[in-house]
Structures are given as C-alpha cells and as structure tokens.
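Trainee: I am new to this structure and should like to learn how to read it. May we go through it feature by feature?

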Amino acid sequence: MNKIILIIKREYLTRVRKRTFIIGTILFPVLYIALIFGTNYIADKTRGDLKIAMIDNSGLFNEGVMSDINKKDSGNIIKLFTGNAERFKVSFDSLGYDGYIEIPANFTWQTGSDSLLINTKKSFGIGAANPIEKKVNRLWNSIKRDSLGIDSTKDKILSKTVQLRFHNEKNKNANERTATVIGYVCGFLMYLILLLYGSQVMMGVTEEKTSRIAEVVVSSVKPFQLMIGKIVGIGMVALTQFLIWVACIFLIYNISLKTGNSGGNVSGMVGAVQEAFTSVNIPLVVGCFIFYLLGGFFFYSSLYAAIGSAINEDMREAQSLSFPITMLVIFSIALMTPAISNPGSSVAVWSSIIPFSSPIVMMARIPFGVPTTVPWWQLGLSMAFLVAGFMFTTWFAARIYRTGILMYGKKPSWKEMMKWAFRK
Amino acid sequence: MNILEVQNLKKYFATQKAVDDISLQIKQGSIFGLLGPNGAGKTTLIRMITGIFYPDSGNILLKGKNFDPENDAKYIGYMPEERGLYKKMKIGEQALYLAQLKGLSRSDAMHKIKEWFKRLEMDSWWNKKVEDLSKGMGQKLQFVITVLHEPDLIILDEPFSGLDPVNANLIKDEIYRLAQNGTTIIFSTHRMEQVEEICKHIILVNKGKKILDGTVDEVKNNFKENLFGIQLETMPENMDAPSFELINTHHKELIVRIKEGYKANDVLSYFINRGSSVVSFKEILPSLNEIFIKLVEGTPSARQFEKITA
C-alpha cells in the first residue's frame with residue numbers, strides 16, 4: 001500500500017510540475033472558447049456575398065422597395081436590371097454580377113412562380129441561394145401586401161407569432177436552454193478528458209516498458225501496484241485540472257459580481273452564469289462530474305494501460321490496438337446528442353446506465369435535473385454499474401498488463417491478449 | 001549457509017520450456033556465475049528469483065525461508081541486462097524514488113545515496129536528467145541504484161557491457177568490496193574471461209537445463225585433457241616416450257598430453273634422463289571459454305520453437 005502511494009506521488013508530481021500542465025490548464029479554456037467563436041467568425045467571414053441582377057419581365061418589382069431591403073442586409077444584393085437583357089445575359093460576370101434571375105412575364109402577384117433559377121457561370125454551395133431566396137420572397141410579400149391593401153400596422157399584426165417553451169412543473173427553475181448548454185459542455189469536457197488522459201496513461205505505460213524501467217520496478221513492486229499507481233496518479237492530475245477550472249469560474253463569477261455591471265459583455269456573462277446557478281443544481285453537477293470523471297477514467301484508462309503494456313516503440317501499433325477503445329468513447333459522444341434533445345428517452349436512460357457510455361451521457365442528462373429528469377434510482381444504478389465496470393476492466397487489464405509489460409518483440413493481437421487475460 | 005536455494009524450478013511458456021527443472025544453491029558471500037548462451041533461460045530464471053515471474057513449479061528459498069516476492073524485495077537488488085531508468089527524471093529524485101520502492105525510508109535513502117554518489121564521484125549529477133548521461137555513466141548510476149538498499153543478494157545481468165576498462169574496474173572493485181562484506185552476488189553473463197576472473201562458483205545453463213555446476217577450479221579440472229606445457233633449454237632431437245604424446249611445438253615450448261596411467265613426474269624424468277634442462281613445466285587447464293563452447297556447440301544456437309503440453 002505504501003508503495004502504491006509512492007508511485008501515485010511520483011506520477012502526480014512529475015506531471016503537475018511540468019510546464020505543459022500549467023500551460024495546458026490555462027490555455028485549454030482559452031483555446032476552447034477561441035475554437036467555438038473562431039469557427040463562427042471564420043464561417044461568417046467566408047460566407048460568399050452574392051450580387052444578383054433581376055431581369056423583370058412581369059413589371060411587378062420596383063426599385064424603391066429593393067433598395068430598402070438591400071440597405072437592411074447589405075451582404076447579398078439584388079439589383080433590378082434595365083437595359084439590353086440579351087447582351088447582359090452573356091456578359092453579366094464582367095459587369096460584376098454573380099448571376100441573374102429572370103422573372104417570367106406570367107409572374108402574377110397572386111400565384112407568383114413555383115421556382116425560379118439563378119443563372120450563374122460558377123457553382124455554388126447548397127445554402128448560398130437562401131439569402132437571395134429570402135429577399136425575393138420579401139419583395140414578393142411587399143407586392144402582395146400592396147395589392148391586398150395591407151398597411152404596416154396590419155402587417156405587424158399579421159406577422160406576430162407565438163413562442164413555445166417547456167415548463168417543468170416538478171422543477172420550477174428548470175431551464176432547458178441552460179441545461180442543454182451545460183449538458184453539452186459537461187459531455188464534451190468528459191469526452192476530452194477521457195481521451196487525453198487515457199492516452200497519457202497508455203503512453204506512460206509504453207514509456208516504462210520501452211525504457212525497461214518496468215523491469216527494475218516490478219522487481220520491487222507487483223505489476224498491479226505499478227499499474228494502479230500510474231492510473232490513480234494520472235487520474236488525480238485530471239481531477240486537479242478540472243478543479244482548477246471550477247475554481248476559476250467561481251472566482252471570475254464572484255469578482256464580476258462585486259465589481260458590478262461595468263461592461264456590457266461581462267454583465268452578460270455574469271447574467272448567464274447567474275441563470276445557470278439558479279436553474280441548475282451546480283454543486284450536484286460538479287459532484288457528479290467528479291464521480292463520473294474518476295469512474296470513467298478508471299474504466300477507460302485501465303484498458304489503455306493494457307494496450308500500452310502490449311505495444312513496443314511503434315506508435316502505429318498503439319493506434320491500431322487502441323482503436324476499439326477510442327471507438328467506444330466516440331460512440332458515447334454520438335449517443336449524447338439524442339440524449340440531450342430528449343433526456344427522458346429510453347436511449348438516453350440506458351446509455352447513461354451502461355458503464356462504457358454512462359460517464360458522457362449521464363453527465364449530459366444531469367443538468368436537466370435530478371430527480372425530475374434523472375430519477376435517483378437511475379443515477380444510483382448508473383454509478384453502481386460504473387464502479388462494477390471499472391473494477392472489471394481493471395482486473396482484466398491487470399492480467400494483460402503483467403504479461404505485456406515484460407514481453408518484447410512482436411505486437412500481440414487482441415486474440416493473444418484475451419488469452420493472457422483469461423488463462424489461469 | 002545458503003542464502004539462496006532453488007529447487008526443481010520450472011517455467012514453461014507457450015512455445016518454450018524456458019526453465020526446465022533447475023536446482024542450485026548459492027552460499028552467502030560468494031560470487032556466483034550464471035552462464036549460458038543467448039536464450040538459454042538465464043533471464044527467466046533470474047526473473048523468478050527476483051519475483052517478477054511466478055514459477056510453474058518448484059521452490060525458491062531465500063535465507064532458508066520460502067521466497068515471498070512482496071516482502072523479500074528489499075533483500076534483493078536486480079540490475080537487468082537492458083538498463084532501465086526514467087529518462088526525464090532528475091537523477092537524485094530517481095534514485096530516491098527507486099530506493100523508497102525497495103522499502104527504504106526517505107531519510108535513510110537520502111543518506112545512502114549521498115554516500116554512494118560521493119564514493120563514485122557522482123555528486124554533481126543530482127539535478128541532471130538521465131538523458132544527459134553517457135551510456136557508461138548511466139550504467140554506473142544503474143549499479144548504484146541496484147545496490148543502494150544494501151540487499152543481501154545482488155543479481156547483475158551483464159554488468160560490464162558498455163563500460164570502459166576504468167569504469168569496469170571501478171564496478172569490479174565495488175563488487176569485491178560488497179562480497180567481502182557478506183553480500184552474495186549472482187553474475188549472469190556469457191563473457192567467460194570475466195567469470196573466470198571474478199566468480200568462484202558457476203553453473204552453466206543451456207536450453208533451460210543446468211548442464212554444469214561447480215567451482216571454477218573443479219570445472220576446469222573435470223574438463224582437463226592432461227595437457228602440459230614444457231619449456232626446455234635445448235630441444236631434444238626425437239621424442240618417443242611411452243608416457244606422453246606430443247601435441248604441438250611452439251618455439252621452445254612443447255605441449256604434451258600425458259597418457260593414461262602415467263604421471264607428470266614420468267614426463268619430467270624422461271627429459272631429465274635425456275639431459276635436457278627443464279626451464280618450466282606447467283599444467284594447461286582448459287579455459288572456461290573452451291568448456292563453454294565445447295558444451296554448447298552442437299546444440300542449435302537459437303532455440304527452436306516447440307509445442308509444449310504441460
């Protein structure tokens with residue numbers, strides 16, 4: 001027991017003291033946010049703005065409404081074309097237009113046209129026509145309103161709609177939007193931690209094997225102790241990182257609460273965090289996250305340790321052997337999306353109880369409310385199964401590990417590893 | 001007193017009888033040579049003695065008691081053939097960690113590391129990393145780590161490979177010093193000249209079986225071919241004696257084999273009677289190298305894979 005603690009201490013300290021851990025802990029949230037906003041920004045920037053000419057043979061469309069609409073959304077522009085249509089159709093690209101729409105002469109305000117073509121000289125993506133389509137329809141709508149004699153007050157009345165939202169009677173504070181966001185964040189964070197730290201365990205084991213330190217160490221401790229020490233040590237590193245993030249969020253929240261509504265952005269963030277605190281049971285979410293983080297980590301990392309013990313220097317071997325394990329994690333994240341959109345469905349319930357997917361799926365469901373969305377029995381069963389699950393994988397992995405760690409040469413197949421695990 | 005006794009030890013792998021019924025005894029304070037060609041089963045045997053593998057059958061007695069890997073680790077120091085250390089860990093911390101794994105307290109370990117580092121002039125290494133060391137320096141460090149916790153039994157697998165003569169002598173002297181203080185040393189190698197120099201007692205293992213067991217002198221005597229070297233002042237013309245046959249002439253030295261039923265004195269008196277004055281006369285014993293090759297030769301150099309039904 002004493003020796004396991006020594007091993008845990010070494011694994012923990014060597015990792016936490018590394019510069020990469022400190023940088024990673026600070027940089028990860030920054031990069032994570034940058035990734036989300038960055039992709040939106042890039043998508044925004046790279047959206048191709050189109051300039052389309054309209055050749056109106058029906059005589060219904062008028063220039064004034066068109067320029068009003070173009071002012072509201074200056075990205076995509078429609079211009080009414082007047083002049084020699086035949087010449088324009090040949091040379092519109094050299095005049096700076098991406099394409100033209102020809103409104104047929106039989107286009108009436110009542111029936112319009114089922115479909116129209118944007119004639120271009122290039123190919124465009126599937127969504128590129130949407131903003132133009134919206135503008136054309138808006139133009140047609142204004143023609144329809146004018147013909148029907150609907151003024152702007154009547155129009156406002158007509159365009160009013162009603163919004164529907166869920167209201168959970170058992171949990172008055174429930175807010176499905178906040179819960180969805182927190183569910184996604186929890187699920188993805190779990191996914192990233194499992195994969196990143198799981199592969200750290202795998203590489204750590206392989207390093208010990210290929211540098212032959214394992215042989216020195218297992219002459220003083222049992223292979224099982226070495227494996228458990230490594231897994232627990234790295235698990236503690238993952239936990240430390242998570243707790244630092246939680247502490248940072250609390251700190252930022254409290255500071256910004258004290259300094260008050262100084263900036264629009266900050267107060268918006270505080271508002272969002274405040275809403276999260278009132279509508280979601282944050283201590284329960286954090287507590288469960290720690291449980292599922294450790295449980296899921298033990299479940300997967302012991303399997304990763306077994307693979308790490310089986311491979312040699314070649315990292316390609318690691319990829320091919322760890323593929324089935326990584327697939328399980330990816331499959332869990334695929335199950336998370338339907339689970340979040342309907343957290344009470346049977347897919348959501350069962351995948352949050354079965355050990356391999358439960359850390360990710362259950363963490364995505366918990367923000368929706370315990371015991372309203374997730375009854376206590378489901379949470380209890382899921383936790384018990386996860387504990388049983390990681391006890392089994394650890395037992396299984398330890399049997400592969402003790403053989404693999406001292407076996408050099410050819411990479412074993414899964415079949416051979418099964419033999420190591422199940423022989424007496 | 002025997003510090004280690006191995007009784008009918010067996011370890012079969014899926015395709016090989018790695019260790020097939022080996023027994024041996026090692027006296028406390030002796031330097032014991034474990035010899036054998038590559039793949040003979042030496043490493044497997046050592047791994048069972050160090051508690052890394054469980055034997056399929058047979059007993060290991062350490063200090064007269066059944067060997068218990070978990071609690072007896074502190075009595076054993078093992079230096080594997082392929083050196084292993086954490087490359088990125090600082091040397092001082094690493095030595096401290098490995099010594100504590102052997103069961104030493106932190107302060108004890110610290111004290112002993114300082115002592116050893118001082119003796120082997122490694123003081124300045126403390127904050128360096130293993131990847132900064134040369135191969136020979138790494139070897140020295142590995143040796144220190146192996147013996148740091150003052151084990152009763154030290155197992156060294158090819159301890160001199162990669163060491164220059166100066167450092168090899170340094171380690172050799174430490175080995176002698178340890179043996180004098182009562183530490184038992186098992187020395188596994190296939191470098192015979194080192195064995196002849198260092199070891200008292202040897203066993204030879206081949207294909208998982210023990211094929212030779214005895215002191216170096218005994219073994220040499222058992223394999224001697226009654227060869228003698230005689231140096232004479234003047235070479236006699238024709239030699240035709242019933243007591244010996246001439247094997248070889250080298251300068252003024254004759255190599256002769258004494259025939260069955262005769263003694264060395266018969267050869268000497270033959271030359272004395274013929275009036276040749278003898279400068280020197282000595283028995284030529286086979287080297288361990290020759291014995292090794294003689295015994296191992298003829299068996300396939302690489303072990304064949306076979307189907308084992310145990």
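**Reading the model**

Mentor: Let us begin with chain B, in which buried residues make up 35% of the 310 residues. Please keep in mind that this is a predicted model.

Trainee: How many helices and strands does chain B have?

Mentor: There are 10 helices and 14 strands in chain B. The C-alpha trace of chain B spans about 75 × 55 × 35 Å along its principal axes. If one takes the contacts in chain B between residues at least 6 apart in sequence, 71% of them join residues at least 24 apart.

Trainee: How many residues does each chain bring to the contact between chain A and chain B?

Mentor: Chain B supplies 20 residues and chain A supplies 17 residues. On the side of chain B that touches chain A, the elements giving two or more residues are β6 (76-79) and α3 (91-101) of chain B. The largest share of that side, 4 residues, comes from α3(B). By residue class, the side of chain B that touches chain A comprises 11 nonpolar, 4 polar and 5 charged residues.

Trainee: What describes two packed helices?

Mentor: One gives the angle between their axes and the distance between the axes. In chain A, the axes of helix α15 (residues 376-404) and helix α16 (residues 414-422) come within 8 Å and cross at roughly 105°. Angles of 65 to 115 degrees count as roughly perpendicular, so α15(A) is roughly perpendicular to α16(A).

Trainee: Which residues make the contact of α15(A) with α16(A)?

Mentor: Phe396(A), Arg399(A), Ile400(A) and Thr403(A) belong to α15(A), while Met417(A), Trp420(A) and Ala421(A) belong to α16(A). These residues divide into 5 nonpolar, 1 polar and 1 charged.

Terms used. Residues numbered from 1 in each chain as written. Chains lettered and ligands numbered in written order. Predicted model: local features only at pLDDT ≥ 70, side-chain atom pairs only at ≥ 80, totals over all residues. Axes fitted to C-alpha atoms, helices over the stretch in contact; angles between N-to-C directions. Parallel < 35°, antiparallel > 145°, perpendicular 65-115°, else oblique. Contact = placed C-beta atoms within 7 Å. Nonpolar A, V, L, I, M, F, W, Y, C, P; charged D, E, K, R; others polar. Buried ≥ 20, exposed ≤ 12 C-beta atoms within 10 Å, placed from the backbone.
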